[in-house]
Amino acid sequence: MREPAAGQAAGEQEHPDTVLAAEHLADLQRVHAEYVNYKRRVDRDRAVERDRAIASVVESLLPVLDEIQLARQHGELEDGPFAKIAEKLEAILGKRGVERYGQPGDGFDPTVHEAVMHVQAELAPGTTETTVVQVLQPGYKLGDRVVRAALVAVADPQ
């Protein structure tokens, strides 16, 4: 039972309808809080699942992206209809947050690079960290998530 209101005398009791209304209000507030928490959880799970689905599609397209990159490096993708298709595919993936990374001269970062060769090479004067000297296979990120680490050859400073 609730405390008497400020205007009620200590001996008076609340009306049963007031007590019932207070109980229903407490139940409604609890159900509303549960619903809000449920909605937040579902929205978060939906976003995680969407990102997982996009990452799955990107992973399945990696061989195609690798072939496009190799064709571009060998000059086979200069002009023509296939060049336009490749550009459109890369633009669509870029809009979804897919980013190719890994360039010679980048500092080696084991969280995004996988060193498969360690070579002796002349680095720029003043270089103090292990440096990527050759990219054997570019890496891809989806936002902050690494979809595939870049395969690189690295060299230590002299």
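**Note on Gln 137, helix H1 and the sheet**

1. Gln 137 is partly exposed, at a relative accessible area of 23%. Burial requires under 20%, so at 23% Gln 137 does not count as buried. This is a predicted model.

2. Where does Gln 137 sit? Its place is in strand S3. Leaving aside residues up to four places away in sequence, Gln 137 touches Asp 66, Arg 148, Ala 150 and Leu 151. Take Ala 150: 13 residues separate it from Gln 137 in sequence, yet the C-alpha to C-alpha distance is 5.6 Å.

3. One of these contacts is polar. The side chain of Gln 137 meets the side chain of Asp 66 at 3.4 Å. Asp 66 is among the buried residues of H1. The pair therefore joins a partly exposed residue to a buried one.

4. H1 covers residues 16-73, which makes 58 residues. From first C-alpha to last, H1 reaches 83 Å. At 1.5 Å a residue, 86 Å would be expected, and the value is close to that.

5. H1 has a kink all the same. The bend is about 45° and lies at Leu 61. The proline Pro 63 comes shortly after. Beyond the end of H1 comes Gly 75, with a positive phi near 80°.

6. Which residues of H1 are buried? They are Val 19, Ile 54, Ala 55, Val 58, Leu 62, Leu 65, Asp 66, Ile 68, Gln 69 and Ala 71. An α-helix has 3.6 residues a turn, so residues three or four places apart point the same way. Ile 54, Val 58, Leu 62 and Leu 65 can be read with that spacing in mind.

7. What covers these buried residues? The cover includes helix H2 (81-95) and strand S1 (98-101). It also includes strands S3 (131-137), S4 (139-142) and S5 (145-148). Gln 137, in S3, touches Asp 66.

8. Now the sheet. It is open, has 3 strands in the order S1-S4-S5, and pairs in the antiparallel sense. S1 and S5 are the edge strands, each pairing on one side only. Neighbouring strands are turned against each other by 35° on average, direction ignored.

9. S4 and S5 pair over 3 bridges, antiparallel. Leu 142 stands opposite Arg 145 in S5. H1 packs on this sheet and touches S1, S4 and S5. The direction of H1 makes about 45° with that of S5.

How values were computed
Residues are numbered from 1 along each chain as its sequence is written. This is a predicted model: local features need pLDDT of at least 70, side-chain atom pairs count only at pLDDT 80 or more; totals for chains, interfaces and linings use all residues. Side-chain values use heavy atoms; hydrogens and water are left out. Helices (H or I, at least four residues) and strands (E, at least two) are DSSP runs, numbered from the N terminus. The expected span of a helix is 1.5 Å times one less than its number of residues. The bend at a residue is the angle between axes fitted to the seven residues ending there and the seven starting there. Buried means under 20% relative accessible area, exposed over 50%, partly exposed in between (1.4 Å probe, protein chains only). Contact means heavy atoms within 4.5 Å. Two strands pair if DSSP finds at least two bridges between them. Axes are lines fitted to C-alpha atoms, for helices over the stretch in contact, and angles run from 0 to 180 degrees between N-to-C directions. A polar contact is a pair of N or O atoms within 3.5 Å; within protein, one must be able to donate a hydrogen and the other to accept it, and residues adjacent in sequence count only if both atoms are side-chain atoms.
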